[in-house]
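Reader: I should like to go through this structure with you. Could we take the helix packing to begin with, and then move on to other matters?

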Amino acid sequence: MVVYGVVHLVVAWLALQLAFGEKSGSASSTGALHQLAQSSFGAVLIWLVAIGMFLLVLWRLLEAAVGHRDEEGTKKVRKQLTSLGKAIIYGSVALTALKIAMGSGSSSKKSGTDDTTATVMSWPAGQWIVGLIGLAIIAYGLNLGRRAWTEKFREHLTAEGKSGDTGRAYIWFGKVGYMAKGIAFAIVGGLFVYAAVTHDAKKSGGLDVALHKVLQQPFGPYLLGLIAVGIGCYGLFCFARARHLSR
């Protein structure tokens, strides 16, 4: 969780730079890992990130296989599938970190998302698949927003982690962080749906493309700055969760 928090803080920093006019870096997990690799002790940091993310994947896989024993029926299945989905998300970051650590990760800003989308669109019913993927990403973003609004994320903290002034700060980090991530994911999902509707793979994109779309809106730099701060808050909440992990 500490490693995941670090990645989010670097993404937040890159997004802030983008909001202030610096467009040389990719405001995504891949861009964040390249940024870490270029820092002092970069090679060591990237290997630590790769190891930490793979441990996070292992945790989620174990959770999907034998966890959630206090739940029953469809609720248990839903939580197991959620854990499996998170393992896949963490795994993509872990593989990227491993590639960069081994020197095979591209330093290009291009994420290849549109190439992957184009490949999927070439399949039978490919447009529908891309559209459904987009809707699933939007649903995930809305769920993050719901967790922020209802403070459902509090379940991840122990009683100690929710008490006192420090606990209140953790809760605010969670509220702002989950809401910002929810907005970002909803925009990413919207890009996939738009790509499916227009049959144009280049309309799709990951986090970096989504944040650039925000930048193009009225008051874009201010909106992007707020999202960047929110992503940073999510990173801080990851630290709190590592310190006071409940589940």
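Author: Certainly. The model is a predicted one. In it, helix 7 contributes A184, I187, V188 and L191 to a contact with helix 8, which contributes L207, V209, A210, K213 and V214.

Reader: How do the residues of that contact divide into nonpolar, polar and charged?

Author: Eight are nonpolar, none is polar and one is charged.

Reader: And at what angle do the axes of helix 7 and helix 8 cross?

Author: The crossing angle is roughly 100 degrees, and the axes come within 9 Å. Helix 7 covers residues 164-198 and helix 8 covers residues 207-215. The two helices are therefore roughly perpendicular to each other, given that angles of 65 to 115 degrees count as such.

Reader: What span should helix 7 have, at 1.5 Å a residue?

Author: Its 35 residues should span 51 Å, and the C-alpha atoms at its ends are 51 Å apart, so the two values agree.

Reader: Which residue follows helix 7?

Author: H199 follows, and its phi is positive, near 55 degrees.

Reader: Staying with helix 7, is A180 buried or exposed?

Author: A180, which lies in helix 7, is buried, with a relative accessible area of 6%. Apart from neighbours within four places in sequence, A180 is in contact with I227, G230 and I231.

Reader: How far apart in space are A180 and A228?

Author: Their C-alpha atoms are 7.8 Å apart, although 48 residues separate A180 and A228 in sequence.

Reader: A change of topic: how many disulfides are there in the whole structure?

Author: A search finds zero.

Reader: Why is there no bond for C233?

Author: The closest cysteine sulfur to that of C233 is in C238, and at 11 Å it is too far for a bond. A disulfide needs the two sulfur atoms within 2.5 Å.

Reader: Are those two cysteines buried or exposed?

Author: C233 is buried, with a relative accessible area of 13%. C238 is also buried, at 1%.

Reader: Lastly, where is L245?

Author: L245 is in the segment after helix 9, which comprises residues 220-243. At 40% relative accessibility, L245 counts as partly exposed.

Reader: What is L245 in contact with, leaving aside its neighbours within four places in sequence?

Author: L245 is in contact with W59, H156 and T158. As for A43, which is 202 residues away along the chain, its C-alpha atom is separated from that of L245 by 29 Å.

Definitions and conventions. Residues are numbered from 1 along each chain as its sequence is written. This is a predicted model: local features need pLDDT of at least 70, side-chain atom pairs count only at pLDDT 80 or more; totals for chains, interfaces and linings use all residues. Side-chain values use heavy atoms; hydrogens and water are left out. Axes are lines fitted to C-alpha atoms, for helices over the stretch in contact, and angles run from 0 to 180 degrees between N-to-C directions. Helices (H or I, at least four residues) and strands (E, at least two) are DSSP runs, numbered from the N terminus. Angles under 35 degrees count as roughly parallel, over 145 as roughly antiparallel, 65 to 115 as roughly perpendicular and the rest as oblique. Contact means heavy atoms within 4.5 Å. Ala, Val, Leu, Ile, Met, Phe, Trp, Tyr, Cys and Pro count as nonpolar, Asp, Glu, Lys and Arg as charged, and the others, Gly among them, as polar. Buried means under 20% relative accessible area, exposed over 50%, partly exposed in between (1.4 Å probe, protein chains only). The expected span of a helix is 1.5 Å times one less than its number of residues.
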